[in-house]
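Let's take a friendly walk through this protein, moving from a loop at the surface to the interior. Keep the viewer open as you read.

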Amino acid sequence: MSNRLNKLYEQWAGKQPAHIVRMAGAGSNREYYRIVSEEGESVIGVIGTSKEENHAFITLTRHFADAALPVPKVLGVSDDEMCYLLTDLGDMALFDALAAGRKAGGNYNEAEVELLKRAMRLLPKIQVAGARNLDFSVCYPQPEFDETNVMFDLNYFKYCFLKPSGVDFHELRLEEDFRRMARDLTGDKGNYFMYRDFQARNIMLDEDGNPYLIDYQGGRKGPFYYDVASFLWQASARYPDSLRKELIKEYYSVLSQYTDVPEQDAFMQRLNLFVFFRTLQVLGAYGYRGYFERKKHFIDSIPPALDNLRALLKNEMPYPHLVEVLKGLVKNAKAPLSSPEGDTCPLQHDVRTFSSALNNTSDNTLSASNSSTCQLVNSSTRQLVNSSTSQPQNLKTSKPQNLTVRVFSFSYKKGIPEDTSGNGGGYVFDCRSTHNPGRYEPYKQLTGLDQPVIQFLEDDGEISVFLESVYKLADAHVERYMQRGFTDLMFSFGCTGGQHRSVYSAQHLAEHLNEKYGIEVKLCHREQGISRVLERRGDE
């Protein structure tokens with residue numbers, strides 16, 4: 001255990017602990033410990049990886065406690081907020097208490113239904129009472145649910161689930177429907193706390209079955225419908241429609257005591273829209289976690305999620321092309337198929353598509369230094385995008401060995417890299433408009449090649465949007481240069497220190513061009529003193 005956490009406990013308790021037990025990790029990189037005194041009293045010690053995230057959780061917890069909401073109490077915090085102590089809420093999560101009902105296919109008994117009702121009665125309290133006098137600027141990674149947030153999740157679904165499924169769609173028409181949905185979802189402005197991860201695993205139960213809330217550090221200002229959709233349409237829970245209606249009624253009754261609510265028909269219409277969005281969002285996550293990371297739990301969750309989608313498509317939705325595409329998606333869904341690795345696949349096309357994508361990218365992607373799962377999924381999705389778009393015929397006979405592309409990362413403080421080819425020109429992209437991980441202590445000694453920085457940038461999403469435009473421009477230029485037999489092209493990415501955003505962008509463009517066109521790419525991270533050559537590949 002961290003000596004700093006041990007020291008923090010000693011400062012709080014005035015003595016050394018009797019023993020310390022590392023607890024099973026959840027989905028994050030935070031480390032949890034149960035720290036027990038000689039008298040048998042225990043607290044939870046947490047070591048975080050992000051100061052901003054820790055600060056959000058600590059501040060929100062104190063705010064919610066002041067509002068008399070059932071959350072753990074913050075007992076102690078290190079000076080740098082990288083570790084802290086909490087009251088011990090025990091080991092029984094609502095998810096565990098509902099295990100029998102899940103195993104019975106959603107046939108929950110009376111006691112389990114009562115636990116669910118308690119959770120639904122608590123949700124409006126944190127959404128409304130928890131939002132009063134709350135400084136939303138503390139929320140991590142952003143203070144408010146907005147259109148950018150929605151578009152990121154919808155594109156996550158497109159690239160990690162829809163494209164690999166093999167279902168045809170029109171890019172521009174789908175994008176129009178995505179943007180229309182983003183406007184619709186963010187049209188209601190309310191001063192509510194959107195928990196964002198309100199699920200059975202994040203609700204702890206005391207000995208009397210009273211619920212306590214944890215893991216709300218990703219919350220932000222937003223509409224109250226999102227959390228209801230997230231909780232009641234969790235794919236693996238398989239709540240029957242009759243139970244959902246009963247729990248929504250419970251929630252609606254309590255919510256109306258705290259704030260003005262639309263009449264029931266209008267409420268349900270808005271809720272259905274958020275259920276629709278949430279279903280697409282989780283399918284994107286299941287595609288990434290299941291097929292790219294090969295985690296069986298997420299693969300197993302896809303069939304019930306598709307069942308939810310199939311039921312939702314019976315409702316009228318003002319997104320004609322998206323609905324058409326999704327109907328094709330669920331129509332192609334068959335009984336699960338076995339992949340060579342023993343996993344299951346809910347779509348007829350998926351085994352071949354995903355296996356091919358992984359096999360084709362694994363050697364080149366993983367051989368690069370500091371490669372990661374995130375780099376693998378990005379490379380895989382880019383290949384899948386490329387394979388779905390027909391290439392110009394003359395690229396088939398062009399010779400990739402004629403063109404060499406040079407890609408640089410640099411710091412603007414030290415000047416733009418010189419073009420030594422003698423041709424002049426090339427592209428210079430300014431990465432400083434995107435969120436800078438270098439502002440935060442945990443990332444200051446790292447670069448855009450290191451996994452924590454990669455995760456930060458990709459979770460934030462701004463760099464992905466930035467690079468989408470870069471790829472389109474770079475692809476068009478490379479293709480034209482190959483057709484004309486030119487031999488040299490240069491791309492440079494600059495940021496403040498030439499360490500994080502520019503390094504990430506240069507690395508990804510270099511890999512993208514080498515993978516797509518087989519051309520030689522000379523990559524130089526100037527301020528890091530790193531150079532490597534991505535060798536050209538012959539015609540396949």
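## A polar contact in a loop

A polar contact here is a pair of N or O atoms within 3.5 Å, and within protein one of the two must be able to donate a hydrogen and the other to accept it. With that in hand, look at Ser 137 in this predicted model: its side chain and that of Asp 135 are joined by a polar contact of 2.6 Å. Ser 137 sits in the loop that runs between helix H5 (110-128) and helix H6 (147-165). The residue counts as exposed because its relative accessibility is 56%, and the cut-off for that label is over 50%. Along the chain, Ser 137 and Lys 221 are 84 residues apart, yet 9.4 Å separates their C-alpha atoms.

The loop between H5 and H6 holds other details for anyone checking backbone geometry. Asn 133 belongs to this loop, and its phi is near 60°, a positive value in a residue other than glycine. Asn 133 is also exposed, with a relative accessible area of 79%. Pro 141 is in this loop too, and the peptide bond joining Tyr 140 and Pro 141 is cis, with omega at about 5°.

## Another positive phi

Is Asp 215 buried or exposed? Its relative accessibility is 17%, so Asp 215 counts as buried. Asp 215 lies in the loop between strand S8 (211-213) and strand S9 (220-221). Although Asp 215 is not a glycine, its phi is positive, at about 55°.

## The overall picture

Stepping back, the protein has 18 helices and 16 strands. Of its 540 residues, 53% count as buried. Take the contacts between residues at least 6 apart in sequence: 70% of them join residues at least 24 apart.

## Two nonpolar cores

The largest nonpolar core has 98 residues, and those with the most contacts inside it are Met 181, Phe 193, Phe 231, Phe 276 and Leu 309. Helix H10 (residues 264-292) supplies the largest share of this core, 12 residues. Leu 309 shows some of the surroundings: leaving aside neighbours within four places in sequence, it is in contact with Phe 276, Thr 279, Leu 280, Leu 283, Leu 326, Leu 329 and Val 330.

Apart from the largest core lies another one, of 35 residues, which includes Phe 429, Tyr 443, Cys 495 and Leu 523.

## Around His 500

His 500 is found in the loop between strand S14 (488-495) and helix H18 (501-517). It counts as buried because its relative accessibility is 6%. Which backbone oxygens does the side chain of His 500 reach? A polar atom of this side chain lies 2.8 Å from the backbone oxygen of Tyr 443, and the side chain reaches the backbone oxygen of Leu 446 at 3.0 Å.

Not counting residues up to four places away in sequence, His 500 touches a set of residues that includes Tyr 443, Leu 446, Val 453, Leu 457 and Cys 495. Val 453 and Leu 457 are among the buried residues of helix H16 (residues 451-460), together with Ile 454, Phe 456 and Glu 458. An α-helix has 3.6 residues a turn, so residues three or four places apart point the same way. After H16 comes Gly 461, whose phi is positive, near 95°.

## An enclosed strand and its partners

Strand S15 (residues 520-525) is largely enclosed by the rest of the structure, because five of its six residues are buried. S15 pairs with strand S12 (residues 404-411) in the parallel sense, over six bridges, and Thr 404 stands opposite Glu 520 in S15. With strand S16 (residues 530-534), S15 pairs in the antiparallel sense over five bridges.

In that antiparallel pairing, Leu 523 stands opposite Arg 532, and Cys 524 stands opposite Ser 531. The hairpin of S15 and S16 has four residues between the strands, and in this hairpin Gly 529 takes a positive phi near 65°.

## Empty space inside

How many cavities of 30 Å³ or more does a search of the whole structure find? There are two of them. The second largest has a volume of about 40 Å³, and its lining consists of Phe 95, Leu 98, Arg 102, Tyr 108, Ala 200, Gln 234, Ala 237 and Tyr 239.

Terms used:
Residues are numbered from 1 along each chain as its sequence is written. This is a predicted model: local features need pLDDT of at least 70, side-chain atom pairs count only at pLDDT 80 or more; totals for chains, interfaces and linings use all residues. Side-chain values use heavy atoms; hydrogens and water are left out. Helices (H or I, at least four residues) and strands (E, at least two) are DSSP runs, numbered from the N terminus. Buried means under 20% relative accessible area, exposed over 50%, partly exposed in between (1.4 Å probe, protein chains only). Contact means heavy atoms within 4.5 Å. Two strands pair if DSSP finds at least two bridges between them. A nonpolar core is a set of buried Ala, Val, Leu, Ile, Met, Phe, Trp, Tyr and Cys residues joined through side-chain atoms within 4.5 Å. On a 1 Å grid over the protein atoms alone, a cavity is a set of points where a 1.4 Å probe fits but cannot get out, and a pocket is an open set with protein on both sides within 12 Å along at least five of seven lines; lining residues have an atom within 4 Å of a point. Grid points are joined across faces, edges and corners, and a volume is the space filled by probe spheres set on the points.
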